[in-house]
Structures are given as structure tokens and as C-alpha cells.
Amino acid sequence: MEKAATPPQTCRPSRRPVRAGHLATFAAAVAFSGAATTTRAEPVEGSPKPELAVGSIPDSAAANPAQPTPAEPLVEPMQRLGSISVGHPNAGYLVNGVKMPPGDEWVLSIPDHAWGTDETIEALVHALRTVAARFPGGPRAILGSISAEHGGPLSPHKSHRTGRDADVHLFLTQRKPGSWYEAGTAANLDRPRCWAFLRTLLTETDVEMVLLDQSVQDLLEEYALLVGEDPAWIADVFDGTGDRFSDLIKHVPGHQGHFHIRFVSQYSRLRGRDLYDRLVEQGQIDPPVRELRHVVVPGDTLIGIGRRYGSTALAIQTQNGLNSSIIRAGQELLIAAPVDIPGARDPVIVPRRRLPPRSPVAQPSG
Ligand SMILES: [Zn+2]
């Protein structure tokens, strides 16, 4: 699946040329959607130049007189831009999240926590269907948490806030009734299904990392070599055998019963970065607030101070219990200044997919 080279269907470039003077954030969002040729392994720096958005009108649009003309004002509801992942997975939000659909191949253990980016949902559906097609007749996969509908804190997780993290229970040959994230062991781990799932994620989707306990990694690594996977590739992707900092599959305690997958979600994150200011303005995300003190100097006004710290005169007045907007030099004011959500303006890095040099010699199925 060459998903990364194609923008999600929900994120369409405008069919109208974007003229100078239009909302910069929107132009940027349109621009990167239209110019979906990001080079892998390179940070996507800054907003693409506006001329990227001034593409030729597609033939289908030109031939259709119902299409908006370039003279019409450019208004694009946020909902039509596709999923938006804002900030670091430990601190951010999800806007326009997509719910994992019901499927014959999986069950959602917490349906309210099954919201992700377009890319996350597409990748999960693809990988789970791939396993089911190769090994028909097994029990359905169990999905744990992805994110809440609008992202943000998701107890008891530290991450899972931006629609990019997904927990999928290990495939087991037998499961204790009512067990929750049952640990995978040599006795119960369904190695063929687990490996098929992991291999599909690594080779056919864009994964930033997979967290998995070392004991489970050892069992899967052994199995992968047994079925003829390339030893150098296996050493490269698993923890403890390759380069510690570049391993895709990392040991983190507490991951004995599930895969914790973090997807790259390139387009959702680009939207999150480029539309950040607009999302804050519209109140769709809550930036954290830092409390600070400002000592009034001659010439200061409440409006000016508010502007300087991203607050408002009214908010400062309320917070400091002022009856009017009159302030005097030397007076100390408490100000709640919004700060950026961590990671909200970071470059989006798409790691190169690390593919095996060849197909495995033996691929047992069923
Ligand atoms: Zn997790």
C-alpha cells in the first residue's frame, strides 16, 4: 500500500487558485495537500510556498460548470479538511477524528476510545484484514484504546492523545475468559498471526514505533527467522539487536499483552501544525496556560498587555479583580498567557520505511 504518496481522500486540494492575501493557514493546508510529494526521511519544514496551491484546475472541474469559479471567496469548513493531529501524543489533541469502523475481523474493547487519524484507522484496518485473510477462521482481533473523539487526556494512558497511538491485544492461541491484555508467553502466543500483523505494519504502513515487551519480541524474532526472514532486517527492526535509537520495535515494560503502535500520520500532523493558530482561535483545542506576572510601565494599557501575552484586556481585568481598565506604573498584574501545545509546531518527519531485501523463504499460513 503506497498510502504515504497519496493524500487522504478527505483532504482535497482546493480547485480554485489561492490568491495572495487569503488566509495564510488555509493556503498552507491546501498547499501541502496539493503537493503531496514529501520526500521521506526529510523534515517537512515550514509551510509550502503559496504557489504550490496555485495548481491548474483539474480537467474534471474545468469541464463542470457547477464548480466554483476563482472569483468566489475562499471558505473551507474545517470539517472538510480531514483528520487533524495536534502536538505531541503525550500532550495534544485530535480534531475531525475518525472512528474505527466495526468489522468482522476485530472487536473494539472500548468503543469510545476508538478514534484516530485517517492514517491510523486506514493502517489498522489494512493490517487486521491482512491477518484475517491469511489466517481465516481465528478469533477476532481485540482493539484497545486509540484516542478519545477529540483526543486529549485518556486515562490511564500517558499518550494516546492525538489519534496516532493504538493498542492492539496480542493474538493468542488461547485466552483466559475475561482476561484483559493477557500477557503473551511461549505457551500461548499466536506467533504466525502476531508476526503477520507486525510485518504488515512495518512494511505496508507508516509506523513511527511499536512498543512491545522484550520477552514477546524474543518470541517473534525467533519465529521470523524460523520462517526465513532476512536476519539483517530482523536485527535492524527489533530492539536490543540493532541500533538502540533507530529500532522500530522498542521494549517498554507493561507491553507484554499488547502492541502499542504509534503511526506517523503525516498529513494529519501537517494539518495540525499549519492550522494550529486557527484551531486555537476557534476554540477547537485548548492550549495550556502559563501564569506570569507583569509590572506595569508608563505607556502600558490593558489592551496592549493583553496582546503582548496572547490574552485580552477583559481577562486580565477579571483575573486581577480590577473594576476598570485604569492601571498605574509599578502595579503588578497576574496574567494567564496561553502557550503552545508541546510539539504543535514541530517539523513532521516521515521515517523511511525499512523494508526487507526479499520475501521470506517460507510463509506458513493457516
Ligand atoms: Zn498504548
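A good place to enter this predicted model is Gly228, which takes a positive phi of about 95° just after helix H5. The helix that precedes this glycine spans residues 214–226. Its 13 residues reach 18 Å from the first C-alpha to the last, close to the 18 Å expected at 1.5 Å a residue. Within H5, the buried residues are Val216, Gln217, Leu220, Glu221 and Ala224. Viewed down the helix axis, these buried residues fall within an arc of 130°, so they line one face of H5. In general, an α-helix has 3.6 residues a turn, so residues three or four places apart point the same way. The cover over the buried residues of H5 includes helix H4, helix H6 (231–237) and strand E9 (249–250).

At the other end of H5, the loop that joins strand E8 (207–211) to this helix holds Asp213. Asp213 counts as buried because 20 other C-beta atoms lie within 10 Å. Leaving out residues up to four places away in sequence, Asp213 touches His251, Pro253, His255 and Gln256. One of these partners, Gln256, is 43 residues from Asp213 in sequence, yet their C-alpha atoms are 5.0 Å apart.

Helix H4, part of the cover over H5, runs over residues 191–204 and contains Phe197. Phe197 is buried, because it has 26 C-beta neighbours inside 10 Å. Apart from residues up to four places away in sequence, Phe197 touches Ala127, Val131 and Phe171. The C-alpha atoms of Phe197 and Ala132 are separated by 9.4 Å, with the two positions 65 residues apart along the chain. Ala127 is also among the contacts of Leu201, together with Ala123, Val207, Val210 and Ile261, once neighbours within four places in sequence are set aside. Leu201 and Val210 both belong to the largest nonpolar core, which has 60 residues. Along with Val86 and Leu198, they have the most contacts inside this core.

Some backbone details are worth a visit too. Most residues other than glycine have a negative phi, and most peptide bonds are trans. Asn96 has a positive phi of about 55° although it is not a glycine, and it sits in the loop between strand E2 (93–95) and strand E3 (98–99). With 23 C-beta neighbours inside 10 Å, Asn96 is buried. Ser265, likewise not a glycine, also has a positive phi of about 55°. The loop that holds Ser265 lies between strand E10 (258–263) and helix H7 (266–274). Ser265 counts as buried, because 30 C-beta neighbours lie inside 10 Å. A cis peptide bond, with omega about 5°, joins Ser155 and Pro156. Pro156 is found in the loop between strand E6 (141–143) and strand E7 (165–169).

Stepping back to the whole protein, there are 10 helices and 12 strands. Of the 366 residues, 36% are buried. Among contacts between residues at least 6 apart in sequence, 73% join residues at least 24 apart. The average pLDDT is 80, and 75% of the residues score at least 70. Over residues 1–65, however, the pLDDT is below 50, and this stretch has 99 contacts in the model beyond near neighbours in sequence.

Conventions. Residues numbered from 1 in each chain as written. Predicted model: local features only at pLDDT ≥ 70, side-chain atom pairs only at ≥ 80, totals over all residues. Core = buried A, V, L, I, M, F, W, Y, C linked by C-beta atoms within 7 Å. Buried ≥ 20, exposed ≤ 12 C-beta atoms within 10 Å, placed from the backbone. Contact = placed C-beta atoms within 7 Å. Helix = DSSP H or I, 4+ residues; strand = E, 2+ residues; numbered from the N terminus. Expected span 1.5 Å × (residues − 1). Arc of directions from axis to C-beta. pLDDT = per-residue confidence, 0-100.
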